[in-house]
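Me: I should like to learn how the nonpolar core of a protein is read from a model. Could you guide me through an example?

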Amino acid sequence: MPLKELFEKDWQELESEGVLFSSLEKLVAWGRSNSLWPATFGLACCAIEMMSSTNARNDMARFGSEVFRASPRQADVMIVAGRLSKKMSPVLRRVYDQMPDPKWVISMGACASSGGMFNNYAIVQNVDQVVPVDIFVPGCPPRPEALIYAVMQLQKKVRGEAFDQLGHQLPMVDAWTR
């Protein structure tokens, strides 16, 4: 199609011919949501379920989250899997601080989300007290499918397709702020 004809057509006609229109923000959010790289932070039995979410049966790689990073400087999602002791919480915070912006946190399991059955002085009763959590995954331990569902919900949040409890659409995540 010549360039002059391209500018003379209406955008609905162009869309019917296969030309897509979008904003740069939506394109960046789509790319970011489909390449979430988790940092491995397995603390207890939930870590086994986190590892099994990448096997051939569950295949979290379908959603762009296959590359578990050992370095926090290469990760943008922290999956806190298991109970967090108070001695370990400064380390968790340091790893979170070393991750580049934008970054997200998934709290996996009852122990990470609420202390679980460990209601004592040594266990942090909610990971949200140490780092801001975006998605909570319930269960003891949660199934790998639950973690994959959490990753899908985080992708919606990153793209700006998430809704709150009242049905209002949540804003898209800004590039370098949170």
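Reply: What follows concerns a predicted model, taken one feature at a time.

Me: How many residues does the largest nonpolar core have, and which of them have the most contacts inside it?

Reply: In soluble globular proteins, nonpolar side chains tend to be buried together. Here the largest nonpolar core has 19 residues. Those with the most contacts inside it are V77, I79, I106, M108, L147 and L154. Two or more residues each are given to this core by α4 (46-52), β2 (77-81), β3 (104-108), β4 (135-137) and α7 (144-159). The largest share, 6 residues, comes from α7.

Me: Which residues does L147 contact, leaving aside its neighbours within four places in sequence?

Reply: With those neighbours set aside, L147 is in contact with M50, S53, M60, I79, I106, M108 and V137. There is also a second, separate core of 15 residues, which includes M78, V80, Y96 and V131.

Me: How should the helix α7 itself be read, and which of its residues are buried?

Reply: One may begin with its span. The 16 residues of α7 reach 23 Å from the first C-alpha to the last, close to the 22 Å expected at 1.5 Å a residue. Buried in α7 are P144, L147, I148, A150, V151, L154, Q155 and V158. Seen down the helix axis, the buried residues of α7 fall within an arc of 155 degrees, so they line one face of the helix.

Me: Against which elements do the buried residues of α7 pack, and what follows the helix?

Reply: The buried residues of α7 pack against α3 (24-33), α4, β2, β3 and β4. After α7 comes G160, with a positive phi near 85 degrees.

How values were computed:
Residues numbered from 1 in each chain as written. Predicted model: local features only at pLDDT ≥ 70, side-chain atom pairs only at ≥ 80, totals over all residues. Heavy atoms only, no water. Core = buried A, V, L, I, M, F, W, Y, C linked by side-chain atoms within 4.5 Å. Buried < 20%, exposed > 50% of the residue type's maximum accessible area, 1.4 Å probe, protein only. Helix = DSSP H or I, 4+ residues; strand = E, 2+ residues; numbered from the N terminus. Contact = heavy atoms within 4.5 Å. Expected span 1.5 Å × (residues − 1). Arc of directions from axis to C-beta.
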